[in-house]
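Here are my notes for you to read alongside the structure. Have it open and find each residue as you go.

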Amino acid sequence: MIFACFRVILIFFSVACLILSCFAITGSYKNENYLTSTYLINFHLDGLDLRQIISTSVGSGSNKIKKRAQDTEATATATATPTTTTGGLQLPSQVNSWIGVATSYINQPGFSSEVAGLATSLGTSIPSSISIPASISLPSGISLPSDLSIPTDASDLTAAIADVLNNVSPQELGIADVYSTSFWGYCRGEKVGNGSEPFNNSLGHWIDKNFDNSNVNYTWCSPPKAGFFFDPLEIFKQEMNRTIDDISVDTQSQQINQLSQQYKTELKLLIDNLSALDLNLPGNLQNDLTLLNNLTTASFALMLITAALSFISIVVQLMACCISPDNCCLSFLNFMFQVLIFLASIIAAGLVTGCYVFVRRKVNDDLGEFGIKSFLSINFYAFAFSAAAAALLVVIFSLLGHCCGMFGSGKRRYRTVQQAPAYEHSSYEEK
């Protein structure tokens with residue numbers, strides 16, 4: 001009876017370890033209410049001030065800015081030369097010098113006679129003089145947006161980026177209230193209800209700074225990808241590219257349709273020139289992203305190992321109920337197998353917890369004044385450590401069972417000791 005109870009206890013906690021590990025692994029795999037609350041960490045951005053996070057002098061003085069300016073200037077020259085003066089599109093200054101050189105060459109002595117001789121041989125005629133207009137007008141019916149201008153140097157780029165950061169709110173750029181990250185990707189969320197007193201920021205928008213994490217509705221999740229690399233810069237660029245392309249993924253991103261073409265152009269410049277050095281992340285957090293993601297991947301792998309080994313352990317315990325081999329070597333190997341499951345689960349939980357406690361502390365200590373707050377998921381860490389606790393209980397009960405001899409065959413052999421017959425003293429005395 002005791003033998004069966006120990007086996008049932010081991011199977012129960014092994015099943016618990018398997019289920020809890022799977023719950024921790026599959027959190028935020030897709031946009032479902034029972035999954036999105038199981039994340040590694042989330043960030044509340046409903047009070048975000050982009051001017052504090054992104055430098056308005058993005059990439060100033062860098063080779064990338066100079067190359068971008070040169071490429072933009074060449075593109076503007078190639079595309080805007082025949083259509084320049086109406087619509088607000090400005091030609092580069094070099095074009096005027098080119099026109100001047102061409103005009104002086106045409107006006108040189110002998111040029112007209114050479115052209116006239118060539119025209120006579122071809123049976124055509126040309127005007128006696130040729131003049132090149134200082135500006136070229138667009139054909140009727142064709143116009144460029146009045147608010148479109150292409151920056152051609154670093155100062156213009158800085159001014160364009162500052163314009164979009166100073167005059168467009170994060171909500172108008174399609175940035176969600178809350179972002180969460182998990183093993184598989186990231187999710188967008190919005191806060192439900194507003195019970196705290198809001199404040200009015202410099203952009204004139206009423207924002208809740210209470211950072212209540214108890215009532216968040218996640219509205220969209222990125223396609224799942226194993227080994228997801230959490231990079232704030234790349235996530236920001238993905239969100240902004242959707243804004244430029246007018247791609248609305250949820251109700252929060254519907255305001256992007258109201259963004260003018262001028263701001264979209266400036267936003268494109270911001271995305272093209274933004275680098276990790278331009279983000280004011282706390283401490284060395286940007287430099288630690290590779291280490292952070294490597295540890296997260298290791299934790300994910302260990303949790304997968306925990307789930308797989310727990311399943312194998314359940315099968316072994318079920319077989320042991322029928323076989324119960326009375327073999328010391330097999331019993332020892334089974335015990336070491338259970339210890340391995342516990343070590344994998346506790347190391348996985350410890351790694352991921354240490355990483356994101358560090359991130360949360362950095363963000364909350366250094367970015368709170370910028371309108372950002374981060375929280376850890378109660379569900380995920382409860383699942384992770386509960387799985388480790390279940391694995392520990394399997395080890396403890398298995399150890400107790402082996403020490404008490406509960407996992408043997410149950411066939412105990414006893415030597416029968418017969419009591420020697422008592423001497424019949426009375427009969428001896430009678431003789």
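1. Let's start with one stretch of chain. Residues 335-359 are 100% helix and 0% strand, and the C-alpha atoms at the two ends lie 37 Å apart. Keep in mind that this is a predicted model. The UniProt record, an unreviewed entry, gives this stretch the feature "transmembrane region", along with residues 300-323 and 379-405.

2. Next, look at helix H10, residues 289-323, which is where you'll find Phe 311. How exposed is Phe 311? Its relative accessibility is 52%, and exposed means over 50%, so Phe 311 counts as exposed. Phe 311 also helps make a nonpolar surface patch of about 420 Å², together with Ile 312, Val 315, Val 316 and Met 319.

3. Now for some strands. Strand E1 (residues 41-44) runs antiparallel to E2, and four bridges join the two. If you want one pair to look for, take Asn 42, whose bridge partner in E2 is Ser 180. On to E3, residues 186-191: E2 pairs with this strand too, again in the antiparallel sense and over four bridges. Thr 181 has Tyr 186 as its bridge partner in E3. Between E2 and E3 the chain makes a hairpin through four residues.

4. Stay with E2 (residues 178-181) and check where its side chains go. Val 178 and Ser 180 point one way, while Tyr 179 and Thr 181 point the other way. That is a nice example of a general rule: side chains in a regular strand alternate between the two faces of the sheet. Are these four residues of E2 buried or exposed? They are all buried.

5. How many disulfides are there? The count comes to one. The disulfide joins Cys 187 to Cys 221, with 2.0 Å from S to S. This pair links distant parts of the chain, as Cys 187 sits in strand E3 and Cys 221 in strand E6 (residues 216-221), 34 residues apart. In general, a disulfide is a covalent bond between the sulfur atoms of two cysteines. Here the torsion about the S-S bond of Cys 187 and Cys 221 is about 100°, so this disulfide is right-handed. Both ends are buried: Cys 187 has a relative accessible area of 2%, and Cys 221 comes in at 11%.

6. What about Cys 17 and Cys 22? Cys 17 is buried, with 1% relative accessible area. Cys 22 is in no disulfide, and its nearest cysteine sulfur, that of Cys 17, is 9.3 Å away. A disulfide needs the sulfur atoms within 2.5 Å, which is why this pair doesn't qualify. Cys 22 is partly exposed, at 33% relative accessible area.

7. Charged side chains next. A search of the whole structure turns up five salt bridges. One of them is between Glu 239 and Arg 242, whose closest N and O atoms are 1.8 Å apart. Both residues lie in helix H8 (residues 232-244), three residues apart, or about one turn of the helix. Buried or exposed, would you say, for Glu 239? Glu 239 is buried, at 3% relative accessibility. Arg 242 is buried as well, with a relative accessible area of 15%. This pair also belongs to a network of salt bridges that links Arg 188, Glu 239, Arg 242 and Asp 250.

8. Another salt bridge brings together the side chains of Lys 264 and Asp 246, at 2.4 Å from N to O. These two come from distant parts of the chain, 18 residues apart: Lys 264 is in helix H9 (residues 261-273), and Asp 246 is in the loop between H8 and H9. Lys 264 is buried, with a relative accessible area of 9%, whereas Asp 246 is partly exposed at 38%.

9. Finally, helix H9 holds a salt bridge of its own. The side chains of Asp 272 and Lys 268 meet with N to O at 3.6 Å. They are four residues apart in H9, so about one helical turn separates Asp 272 from Lys 268. Both are partly exposed: Asp 272 has a relative accessible area of 29%, and Lys 268 has 35%.

Conventions: Residues numbered from 1 in each chain as written. Predicted model: local features only at pLDDT ≥ 70, side-chain atom pairs only at ≥ 80, totals over all residues. Heavy atoms only, no water. UniProt positions renumbered as here; feature names shortened; annotations may be inferred. Buried < 20%, exposed > 50% of the residue type's maximum accessible area, 1.4 Å probe, protein only. Pairing = 2+ DSSP bridges. Patch = residues over 30% accessible without salt bridge, like charges linked within 9 Å, V, L, I, M, F, W, Y side chains within 5 Å. Areas by Shrake-Rupley, 256 points an atom, 1.4 Å probe, with all protein chains shown as cover. Salt bridge = Lys/Arg side-chain N within 4 Å of Asp/Glu carboxyl O.
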